[in-house]
Every structure is written in structure tokens, then in C-alpha cells.
Amino acid sequence: MDHPTTTNQPMATNHPTATSHPTTANHPITAPEAPAPAHATAPPPTPGVPDDERLRRWRMVLGADSTEGTGCTPTGQDAAMDGALTALYGGDSGGRRPGGRGSGGRAAGLGASAPAVARWLGDIRTYFPASVVQVMQRDAIDRLGLSALLLEPEMLEAVEPDVHLVGTLLSLGKAMPETTKETARAVVRKVVADLEKRLESRTRATLSGALDRSARTSRPRHHDIDWDRTVRANLKHYLTVPGRDGGEPTGTIVPERLIGHGRAARSAKKEVVLCVDQSGSMAASVVYASVFGAVLASLRTLSTRLVVFDTAVVDLTDQLADPVDVLFGTQLGGGTDINRALAYCQSRITRPADTVVVLISDLYEGGIRDEMLKRVAAMKAAGVEFVTLLALSDEGAPAYDRDHAAALGALGAPAFACTPDLFPDVMAAAIEKRPLPVPDPEPRP
């Protein structure tokens with residue numbers, strides 16, 4: 001299609017493969033291109049690596065079925081790591097993969113036992129770095145159906161918080177008992193605080209600069225003239241003036257163009273509407289949008305509105321002071337009616353030429369497609385800057401409706417996935433009505 005859908009970061013796989021399981025820095029594992037079956041001869045030599053260490057690495061990659069072929073049986077910490085991996089990726093746990101770990105044979109499994117899962121969570125936090133723990137937790141929830149166990153406070157205290165865990169907790173919101181809600185809020189608040197620390201300063205700096213530039217005027221009042229910029233802009237109009245009474249000539253600049261700032265307006269300079277799809281596939285985007293919404297709302301020169309939708313539309317603007325309240329006000333899952341959500345946003349726009357609407361959705365529309373496109377066209381014709389983000393996350397290229405993306409692109413609203421780090425630049429460009437910094441497209445398979 002004509003419009004890019006990738007982020008600036010390479011796509012990451014969601015699950016460790018059978019040939020590349022997570023390890024600590026002290027226990028690196030080299031993955032083969034094609035795993036050998038258990039009865040095969042020992043793997044070929046690895047340059048610079050002793051034979052014993054090479055066999056240990058291959059045994060950890062391939063799992064229990066490779067013990068005979070490698071002649072290596074894990075002991076000590078290796079045995080504990082192997083047990084944690086086998087419990088998740090062993091054949092009986094749903095992680096069956098041909099030729100490597102999970103191809104059958106011994107598999108500890110996690111079952112449905114809360115104590116067993118709690119111990120396993122403790123083990124993986126002991127033996128693997130936090131980034132790998134988050135991947136394994138996500139796999140355990142997806143592959144072994146452990147979501148229900150997150151409803152127990154003791155279990156939540158044992159997990160490593162991250163954006164994906166927040167999305168899972170939000171999807172369980174209605175089923176969550178009162179005894180668990182406070183623990184869940186603590187987990188969500190920690191993740192939100194980490195995101196705000198990472199994203200807030202750059203977002204504020206980038207957008208403040210864009211807002212200042214958008215307020216410049218070429219007809220400032222005398223007290224509002226920016227003399228430094230005015231002098232630099234008029235250096236080409238430098239004139240030499242003869243000195244008085246035969247004295248030395250002097251130079252002067254004739255300012256043909258004045259540059260300054262308009263008087264501070266009582267109302268916000270720009271209005272931003274974040275319209276966020278809260279269907280289940282958009283969980284990470286909802287988390288990031290809530291954090292950015294709170295940051296944007298803290299800028300006095302911006303008027304920010306946050307609207308979330310599935311088949312219903314909910315305006316969460318009055319909760320923007322606390323992104324945790326925003327997140328618990330969402331309800332992940334359900335259908336999607338983009339047309340209805342845009343109709344609501346359109347009805348709240350009072351200054352089209354000073355408004356930026358950001359639609360964050362995978363564009364799988366359950367409402368009226370033609371009406372949706374007509375609304376976008378009408379907003380753009382009125383002067384609204386319209387931005388379509390297929391995802392707001394670090395997850396790489398999302399699944400999305402290509403026909404709808406192409407139709408929006410034809411209206412001048414290119415649809416693309418955006419990382420949190422790129423989002424401030426996208427918003428700054430939209431505020432200044434510059435071309436959007438669209439990432440390079442990924443070749444379509």
C-alpha cells in the first residue's frame with residue numbers, strides 16, 4: 001500500500017523460539033540455525049569456545065531431549081534454569097516445537113497451581129534479567145492461560161510489571177475482586193510512573209517549542225518584538241550611513257520584517273483530541289496514550305481531550321490528571337465503531353484550524369465505513385490536522401485494515417505505526433502543520 005505501517009524499531013517476536021531461549025549475561029547460549037534431533041551426533045565446534053561449554057550451551061538451547069546427543073546433563077543453576085524453561089516451553093505445556101525444546105518427553109509444566117506458578121515466577125526473576133522475565137511472563141499468560149491467577153494479590157506481587165501486564169490487568173478489570181484491585185493499581189502505577197519518567201521531559205520540550213513557533217507573528221507590538229531574531233532576519237538590509245560632520249561612517253540595519261510573539265491568549269493556542277480504540281488488540285497503545293494524554297494535558301497552552309471507544313464512546317478528559325484513573329476507566333475488548341467515535345470528537349471541535357485529531361486504531365471498523373471516511377474528509381476540509389496511528393507502542397508492525405488505511409491516506413491522513421519515542425515529533429509536526437515524520441515503510445510480503 002502507499003502508506004507505511006512500521007515503526008523506527010525492528011519487529012520483535014512475541015515468544016522465545018525453540019532455538020533461542022532467554023539466558024542471563026553470565027550464561028550465554030548460542031542458537032543454531034537448525035536444531036539437531038536428540039539422537040544426532042554432537043554439534044559442530046564453535047570457534048573459541050571449549051567443547052564442554054559448547055555442549056552445555058547446545059543442551060540448554062535444545063532441551064531435555066538433547067541430553068543423549070550432547071552427552072551433557074545440566075547441574076546446579078543450569079538445572080534450575082532448564083527446569084524453568086521446560087515448565088513453560090515443554091511439550092506438555094502447549095509449547096511443542098519440532099526438533100528442539102518442547103518436542104515431547106519430559107515437561108514439568110505449570111498446571112493451574114497458584115503456589116507452583118508463584119515459585120516459578122520467583123525462579124525466573126532469580127535466573128533471568130528483567131527484560132527476559134517480561135517475555136516469559138507474557139508467554140505464560142498467552143500459552144498456559146494463567147490470566148485468572150493474576151486475580152490473586154500474592155501473584156501480582158510476584159510478577160515483573162510492564163506495559164503488557166498492565167494491558168492484561170485492564171482486560172480482567174470487571175472480574176477482579178476488591179482484594180486484588182489495590183494491588184493491581186499499585187502495579188499499574190509503577191509502570192505509569194516509569195513511562196512518565198521516560199517520556200515526559202522530551203514531550204514537553206518538543207511540544208513547547210512547537211507551540212512557541214506557532215505563536216510567532218510578523219506584526220508584533222513594540223514590546224513583543226524578538227530583537228535577536230529580527231536582527232538576524234534582516235542582516236541583508238545592512239546600510240552604511242555617512243558620519244556627521246565628516247566623521248567615520250556608521251552602519252545600520254533597516255528591519256523590513258519584524259519578528260515577535262503574539263500577546264498571550266487567555267485560551268489555549270491549540271486543541272488536541274486523542275481518539276483511542278480500546279479493543280483488546282490495542283492494549284499497549286491504550287497504556288501509552290493515557291500517559292501521553294496526561295502529559296499533554298499538563299501543558300497550559302494545549303487543550304487536550306481523551307476519548308476511548310469500542311462500540312460505545314467514553315470521554316475520559318476529566319480524569320487526565322491521573323493516568324492510572326484513565327486506565328482503569330477503560331474497558332479493553334469488545335467491538336469497534338470508529339465512525340461513532342469520530343462523530344463524537346467532531347461535535348466537540350470548536351476551532352478547526354487550531355485542532356489536531358489523533359485517531360489511534362488498527363482500523364478494523366465495525367461501524368459504517370463510508371460515514372467514517374466522510375467525517376475525516378469534513379474535518380480536514382474545515383482545517384483540522386488529522387493523524388492516524390495504527391499503533392502507539394514498541395511492538396513493531398501491527399495487524400490493521402489495509403483498505404481503510406489506504407482510503408484515509410487518499411484523504412491526506414497517512415496511517416502508520418508510531419513508537420512512543422517518535423510521538424512527540426509527530427505531534428510537533430501536526431501542531432506546526434508540517435509534513436509528518438512518517439517512518440520508512442516495510443516491504444509488504
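A crossing of two helices is called right-handed if the near helix is turned clockwise from the far one by less than a right angle, and left-handed if the turn is anticlockwise. With that in mind, the tour of this predicted model can begin with a crossing of that kind, since the crossing of H1 and H3 is right-handed.

**The whole chain**

Before selecting anything, colour the protein by secondary structure, which comes to 15 helices and ten strands. Of the 445 residues in the protein, 48% are buried. If you display contacts between residues at least 6 apart in sequence, 74% of them join residues at least 24 apart.

**First stop: H1 and its partner H3**

Select residues 51–62, which form helix H1. The twelve residues of H1 should span 16 Å at 1.5 Å a residue, and a distance drawn between the end C-alpha atoms of H1 comes to 16 Å, which agrees. H1 is mostly covered, with nine of its twelve residues buried; these are Arg54, Leu55, Arg56, Arg57, Trp58, Arg59, Met60, Val61 and Leu62. Move on just past the end of H1 and you reach Gly63, where phi is positive, at about 90°.

Now add residues 76–89, helix H3, whose axis comes within 10 Å of that of H1 and crosses it at roughly 20°. Angles under 35 degrees count as roughly parallel, and H1 and H3 are therefore roughly parallel to each other. To see where the two helices meet, show the side chains of Arg56, Arg59 and Met60 in H1 together with those of Asp78, Met81 and Asp82 in H3. By class, this contact of H1 with H3 holds two nonpolar, no polar and four charged residues.

Stay with H3 for a moment and check its length in the way used for H1: its 14 residues should span 20 Å at 1.5 Å a residue, and its end C-alpha atoms are indeed 20 Å apart. The buried residues of H3 include Asp78, Met81 and Asp82, the three that meet H1. Further along H3, Ala84, Leu85, Thr86, Ala87, Leu88 and Tyr89 are buried as well.

**Second stop: Ala158**

Next, select Ala158 in helix H6, which covers residues 153–158. Ala158 has a relative accessible area of 18% and is therefore buried, the cut-off for that class being under 20%. Apart from residues up to four places away in sequence, Ala158 touches Leu121 and Arg125. If you also pick Arg119, the C-alpha to C-alpha distance from Ala158 is 8.9 Å, although 39 residues separate the two in sequence.

**Third stop: Asn339 in H12**

Helix H12 runs over residues 338–347 and contains Asn339. At 9% relative accessibility, Asn339 counts as buried. Leaving out neighbours within four places in sequence, show everything that Asn339 contacts, and you will find Glu365, Ile368, Glu371, Met372 and Arg375. Keep Met372 on screen, as it returns at the H13 contact with H14.

**Fourth stop: Leu363, then H13 and H14**

Between strand S8 (355–360) and H13 lies a loop, and Leu363 is the residue to select there. Most residues other than glycine have a negative phi. Leu363, however, has a positive phi of about 70° without being a glycine. With a relative accessible area of 0%, Leu363 is buried.

Follow the chain into helix H13 (residues 369–381) and add helix H14 (residues 402–410), which packs with H13 at an angle of about 30°, the two axes being 10 Å apart. H13 and H14 are therefore roughly parallel to each other, and H13 passes H14 in a right-handed crossing. On the H13 side the contact is made by Arg369, Met372, Leu373 and Val376, and on the H14 side by Asp403, His404, Ala407 and Leu408. These residues divide into five nonpolar, one polar and two charged.

**Last stop: Lys433**

Finally, go to the segment after helix H15 (423–431) and select Lys433. Its phi is near 60°, again a positive value in a residue other than glycine. Is Lys433 partly exposed or buried? At 42% relative accessibility, Lys433 counts as partly exposed, whereas Leu363, with its 0%, is buried.

Terms used:
Residues are numbered from 1 along each chain as its sequence is written. This is a predicted model: local features need pLDDT of at least 70, side-chain atom pairs count only at pLDDT 80 or more; totals for chains, interfaces and linings use all residues. Side-chain values use heavy atoms; hydrogens and water are left out. Helices (H or I, at least four residues) and strands (E, at least two) are DSSP runs, numbered from the N terminus. Buried means under 20% relative accessible area, exposed over 50%, partly exposed in between (1.4 Å probe, protein chains only). Contact means heavy atoms within 4.5 Å. Axes are lines fitted to C-alpha atoms, for helices over the stretch in contact, and angles run from 0 to 180 degrees between N-to-C directions. Angles under 35 degrees count as roughly parallel, over 145 as roughly antiparallel, 65 to 115 as roughly perpendicular and the rest as oblique. Ala, Val, Leu, Ile, Met, Phe, Trp, Tyr, Cys and Pro count as nonpolar, Asp, Glu, Lys and Arg as charged, and the others, Gly among them, as polar. The expected span of a helix is 1.5 Å times one less than its number of residues.
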